Amino acid sequence: MKPAPFKYHDPKTLSELVELMSNLEDAKILAGGQSLMPMMNMRYVTPEDVIDINGVNELDFIKLENDHLTIGSMTRQKDILSNQKIFDKAPIFREALNHVGHIQTRSRGTIGGSLCHLDPSAEIPALASLYDASLTVVNREGSREIHIDEWVLAYMMPSISDEEVLTSISIPVWKNPHGYAFIEFARRHGDFAVCGAGTLVEIDANDIISKVAIVVAGVDVKPLRLSTLETDLIGKKATKDTLEYACSSAKKIEAISDVYFSTQYRQRLAGTLIKRSLEVAIERARIINNDG
Amino acid sequence: MGARFFGADVLRAEDRTLLKGSGQYVDDIRLEGTLHGAFLRSPHAHAIIKSIDTTKAKELDGVHAVYTYDEIEEPLNQPIKQPYPHPLIRKDILGYPLAKEEVCHVGEAIAFIVADTRHIAEDAIPLIEIEFETLEAAVRVREAALPNAPTAHKDSKDNIAAELNIKFGDIEDTFSSADHVLETSFLQHRGGCHAMEGRAILASYNSSLDELTSWSATQCPYLIRRSLAGHFQMPESRIRIISPDVGGGFGPKAGFYAEEIITAFASKKLGKPVKWIEDRQEHFVTTNTQRDSWWDLKIACDNKGRISGVRGKIITDQGAYIPWGLLLAFTSMTPLPGPYKILSMDIDQQVVFTNTVPNTPVRGAGRPNAAYAMERVIETVSRHLKIGSAEIRRRNFVEKKDFPYKTGLIHFNGTPMSYDSGDYHQLLEKALDLADFDNFFERQKQARENGQFLGIGISSCIEDTGNGPYEGVTVRVDTMGKVYVSSGAASQGQGHKTVLTQIVADQLSVNIEDIHVEIGDTSKFPQGVGTVASRVGVNIGTAAFSAANEVREKALNLAADILETDLEDLEIEDGIIRDKSRKNLTISLGEIALKLAPMSGGAVPAGHSASLESTSYQASNGMPHASGSNVCEVEVDIGTGEVKVLNYCVAHDCGKKINPMIVEGQIVGGVVHGIGNALFEEMIYDDGGQPQNTNYGEYLLPLATEMPPIKVIHQETPSPLNPLGLKGAGEGGTIPAAAAIVSAIENALTEFNVVIDRYPVTPEYLCNLIDKENQIEV
Amino acid sequence: MADNREITIKVNGKDMTTYVETRLSLGDVLREHFHLTGTHLGCEHGVCGACTVVVDGEPIRSCLMLGVQAHGKEVTTVEGLSKGEDLHPIQEAFWKNHGLQCGYCTPGFLTTLFSFLENNSDPTEREIREAISGNICRCTGYQNIVNAALDAAKVMKGS
């Protein structure tokens, strides 16, 4: 299981990188390598050119300004996991990234790699969706911003051309302290989840849901924001019935199936996990309210 | 002579090298000029090769040769020889070294490319132009068993490889007089090998000496030597097989595979060493697995839960070829009564070809299947009669006074199945105590009140171990007093060197540091069988004991002559023989060795034989039977179908333990293998015979995060069949594990009337069972 | 045409230079070019963890990193853990706890834990199990590996 021959390039700047990309016909970008390298080792992917962007330092950064979090595409998963600023403003990142692979893969794997690979159950695209993030891609001519909803064109296919490179993701974090939870079900620790659910929630002193965002991963080819459910929940009291309501509406999501799991099972899981994530998020929101 | 080392937790002699990263596995061995091989393998489950053109592949820079069937010369162009012939095999079909015309499973080797590097060899694979005509494939074994099914081999009329029956007692009478006749049906799927080192071969043929040396990651170097000698029609003395450090075995690495022939052939043709390292994807499609067997059993029992008879049928997926004869089939039937006294049995088994990877034993062979089946029988009776399953076991166990107990069946080695010793009742009580079984139901009730579903499961088993016919051990002392021990039994991590050292050190009263052990090299020991079936500890332990004792006797006899003292007055301490009462009267083992091995002109002392050495092939006098009772606790998440194994308790009896630390390591590792079988490992084929999950992201091996704490306690009933009282321990962890887990899951889900009829138990399968007759709000 | 480069990697404290084809994984370079065969390639698709080495202080899978990507970096392999005959406390603990059987996966466990315990001096059993969840062992059932890691943590903390 050895990769086919390729020509290796290692640009040091973004401008070198986009220049290369516009000139090469059959190139693959090598970021953290945790998805591309196995596919090359198995010769599922045999590019003529490999562009290693690990030397492009300007793509590796974490910035938090005015409740706006911007993360460079080459930022390692481990660095997001350990970043205190992110944890303070968006604690769900740590909870979600703890599910991503293992220490040996998080030390190489990047946020950009995950957003471009787009495994349907991956945590990082789900977080992007949860926060209505937008992505910046650059080519020789300039840059464009894409909302996460438009980023996923089809199964594992991002909206990016052969000449473009993803440079950063911009995440409007929630201003106020809030409840959160990211709960997923994987067969084993660190496996790609079968299904995952993330929730952000604010409740008022009367236990009324005032703001909520819910995302589910692994039921469709892309992470799904449950906007109808979110609208329904606003103004509702955080009771058991409300949780059951969320559960039963989540079970109606149209779900994909594959050789491992059926549509029905994914729907059942979506119901379970959304209910559980909402429950935990509400409980955490209550604690914040009580402490605050 | 006190036992200083036998029975002690002696740290392993093997470890320092391995820990420092200086172990020598096959791929680590470097020979000058080595070339590297890769195979073109069939992408189809069943097809005819219409044409094949290797011209372009041969032209690639760095490629030295490309071989297809047509280039394989006489006498190698014959099918692989059956190592385990049996009259019941109806169709003894084995593949060719490289496919001849027909391919019968995805992964079957078609062409072998030899190049400067593995990278280049793989580069050449897509350059081979090949045209197939695909044929209908037989994939699902129960369908393949039907009369008009597509056949796995184009020239066959059906897929039945063999039909077996075992029986004893009066089955008709038993069933007609039974209070209850119950049924249970289930699928068992045990997955693949997945040793962390795959198969690996480095073959080096020396033409000037006409000698072949092959390093192979095998459990059975002597089987490989014998098979290669047959295929190449070469004397065994010209073939040396070395099994160096080997990264796990687990059964499938005990077989003889086409790659052994092809690498040796290529080395002979090219005059250079040729290395082939199986990659992980190849492992999934070429290394034997142990997949589906479907069981339908009928049970006769009385109102008290005494089981009088079991009858039924097994359909076993053989895969495309039958490289282990009927060993797997027999081992899933002959131990079937387990620790229970059953009056009659009548079981048929159909062994059926399919267009999938051949099926051969994985850790435990058919024994885990047999144990699982019998535990299903127990659970079925318990459920029907509403009598606790521990109590049903107690009522059916073979009793202590019954030993030696003959079940009425015949082992595949031809001898009656006879249990030598044990105490199954006490063993179960030990396991129940360890698991705090009596208080479990209170824990379960409390957990249920908190919305948690806890369950407990029991599994009891026996294991026929130490199967002969022999393993040999030579013990020799040199003139420096160093002791050399050699044996045929290769190790794949079981610590053979350590246990051999322990036994010999005690018998000769020498220090461990003075003992050098060599195993797994056919040039170092003349004959061997192999490291399979929990047999090596018993066999080499017994042989080492006997050889070392003979050396001791020999040394003491000569010492008595030289020191002019009585034999009984002599003792050995740290390699020095002395008179017990006159402690300054001494002679060392080295000096004795020198006297027994004089150089030219000297003489061996009269009445003594040359060389302070002895070889023994003494085996156990029959098969010692180990036994175990396991209890495990699980929690089932009914929202996801996830099963968490909370804890796992093992009470195990393998007689006298040479090294308790190593025994416990075997048990714990074996349990985890069994948990993998119960919950995770599944080799999935689609309806066309394409394997679906040929990577470790999708084929799920147990990880540290999902494994429970495993507690092990021992009961020691020494086997009367060998002088050290040994029984085997390599598979006793795996054999009962799946049954314990499955029962525990059912127990957790009692209120949903869940009866599990297959393993591995996947979360979706479990959710479907829960939902089937219940409207669950999760 | 093969694409080759000269690279220098500081392996176990020593600068090593070689001329490699760029498609070689770091694992292949360590094994084939530097003859450091303690790093084992167990699956070559980034799951089994046997090939784990430490690059600039982080445990990584050497089958998923190209050798050329390690140019200018510091790499610690299993061969770099012991000092002569003196085993590293983690190796010593594996030996005393019977934390290995066939030994094939062991180098990956050792390097993973070497890096993990350097940064986590007082881990819980659960944390250790998560730390090694990217390493597969078919022999031991993990229990003795976990025990070894707990022992090693104590020794390393004390020293």
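In the predicted model, the largest nonpolar core (buried Ala, Val, Leu, Ile, Met, Phe, Trp, Tyr and Cys residues joined through side-chain atoms within 4.5 Å; buried meaning under 20% relative accessible area with a 1.4 Å probe, protein chains only) holds 211 residues. The members that touch the most others are B:Tyr648, B:Leu679, B:Tyr696, B:Ile745, B:Leu749, B:Leu766 and C:Phe94. Residues up to four places away in sequence aside, C:Phe94 is in contact (heavy atoms within 4.5 Å) with B:Leu19 and with residues of chain C, including C:Leu100, C:Phe109 and C:Ile145. Another core, of 48 residues, lies apart from the largest one and includes B:Phe5, B:Val483, B:Val485 and B:Ala547.

Residues are numbered from 1 along each chain as its sequence is written, and chains are lettered from A in the order in which they are written. Local features need pLDDT of at least 70, side-chain atom pairs count only at pLDDT 80 or more, and totals for chains, interfaces and linings use all residues; side-chain values use heavy atoms, without hydrogens and water.

Chains B and A bury about 2,700 Å² between them (accessible area lost by both on being put together, 1.4 Å probe), with 51% of this area on carbon and sulfur atoms. Chain B contributes 36 residues to the contact and chain A 28 residues. Between the two chains there are 4 salt bridges (a side-chain nitrogen of Lys or Arg within 4 Å of a carboxyl oxygen of Asp or Glu). A:Arg268 and B:Asp771 form a salt bridge with an N to O distance of 2.7 Å.

Notes: Buried means under 20% relative accessible area, exposed over 50%, partly exposed in between (1.4 Å probe, protein chains only). Buried area is the accessible area (1.4 Å probe) that two parts lose on being put together, summed over both.
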